[in-house]
Amino acid sequence: YCVRHDIALTCMADGKQLSFMSEADLYSLFGNLLDNAIEAVEKLDADRRAVGLKVKRGSEFVFVNVHNYYDGALCFDGELPRSTKGGAYHGFGMKSVRFVAEKYGGELSINAKDGIFDLDIIFPCLKSSD
């Protein structure tokens, strides 16, 4: 989809760091994150059609970051951006992202400034029983 729509998708992800999550939660998390980011950039000029995804482990945390350009003003309801789509069934994607993050003890933070949307999730590393 990204190739057909001239969207540069950069992914640097160590997926095994998220092995503590169920497949359904992984699909929900990354499906919502990437759908939102791709939707935001596909309307932009070609030089701003870029989405970045990172998953990496630190000493005590696993970090997930998604960032992309956007146009217009974003309105927030609390800590989550308000859906830009109309209809009764929109706006659940970011709530689902927050739910999955919190389900695994993670924290979600969003920064949208100067046309760049930056979303971070920090999950605590689970202690192994070795």
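Helices (at least four residues) and strands (at least two) are DSSP runs, numbered from the N terminus. With that in hand, here are some exercises on this predicted model.

**Exercise 1. Find in which order the helices and strands of the protein follow one another from the N terminus.**

Solution. Start with the inventory: the protein has 2 helices and 7 strands. Now walk along the chain from the N terminus, and the elements read β-α-β-β-β-β-α-β-β.

**Exercise 2. Work out which strands make up the open sheet and which of them stand at its edges.**

Solution. Step one is the order: 5 strands form an open sheet arranged E1-E2-E3-E7-E6, and their pairing is mixed. Step two is to look for strands with a single partner. E1 and E6 each have just one partner strand, so they are the edges, and one side of each has no neighbour in the sheet. On average, neighbouring strands here are turned by 10° against each other when direction is ignored.

Step three zooms in on one pair. E3 and E7 run antiparallel and are joined by 9 bridges. As a landmark, look for His67, which stands opposite Asp118 in E7.

**Exercise 3. Check whether the span of H1 agrees or disagrees with its 19 residues, then place the helix against the sheet.**

Solution. At 1.5 Å a residue, the 19 residues of H1 should span 27 Å. The expected span uses one less than the number of residues. The end C-alpha atoms of H1 are 27 Å apart, which agrees.

Next, its position: H1 lies across E1, E2, E3 and E7, and runs at about 20° to E3. Finally, its buried residues are Asp25, Leu29, Phe30, Asn32, Leu33, Ala37, Ile38 and Val41.

**Exercise 4. Identify which residues touch the most other members of the largest nonpolar core, and which element supplies the largest share of that core.**

Solution. The core holds 30 residues, and Ile121 and Phe123 touch the most other members. Several elements each supply at least two residues: helices H1 (23-41) and H2 (92-103), together with strands E2 (50-57), E3 (61-69), E6 (107-113) and E7 (116-124). The largest share, 6 residues, comes from H1.

To put the core in context, 32% of the 130 residues of the protein count as buried.

**Exercise 5. Explore the surroundings of Phe123: is this residue buried or exposed, and what does it touch?**

Solution. Buried means under 20% relative accessible area. Phe123 has 0% relative accessibility, so it counts as buried. Leaving out residues up to four places away in sequence, its contacts include Leu18, Met21, Val62, Val100 and Gly106. Phe20 and Tyr104 are also among them.

**Exercise 6. Classify the aromatic pairs Phe20 with Phe123 and Phe61 with Phe63.**

Solution. The count of aromatic pairs comes to 3. For Phe20 and Phe123, the ring centres are 5.6 Å apart and the planes stand at 70°. Planes over 60 degrees apart count as edge-to-face, so this pair is edge-to-face. Phe20 sits in the loop between strand E1 (8-13) and H1, while Phe123 belongs to strand E7, so the pair ties together parts 103 residues apart in sequence. Phe20 is partly exposed, at a relative accessible area of 23%.

For Phe61 and Phe63, the centres are 6.3 Å apart with 55° between the planes, and the pair is tilted. Both residues are partly exposed: Phe61 has 35% relative accessibility, and Phe63 has 30%.

One last step: Phe20, Tyr104 and Phe123 form one aromatic cluster.

Key: Residues numbered from 1 in each chain as written. Predicted model: local features only at pLDDT ≥ 70, side-chain atom pairs only at ≥ 80, totals over all residues. Heavy atoms only, no water. Core = buried A, V, L, I, M, F, W, Y, C linked by side-chain atoms within 4.5 Å. Buried < 20%, exposed > 50% of the residue type's maximum accessible area, 1.4 Å probe, protein only. Contact = heavy atoms within 4.5 Å. Phe/Tyr/Trp six-rings, centres within 6.5 Å; stacked < 30°, edge-to-face > 60°. Pairing = 2+ DSSP bridges. Axes fitted to C-alpha atoms, helices over the stretch in contact; angles between N-to-C directions.
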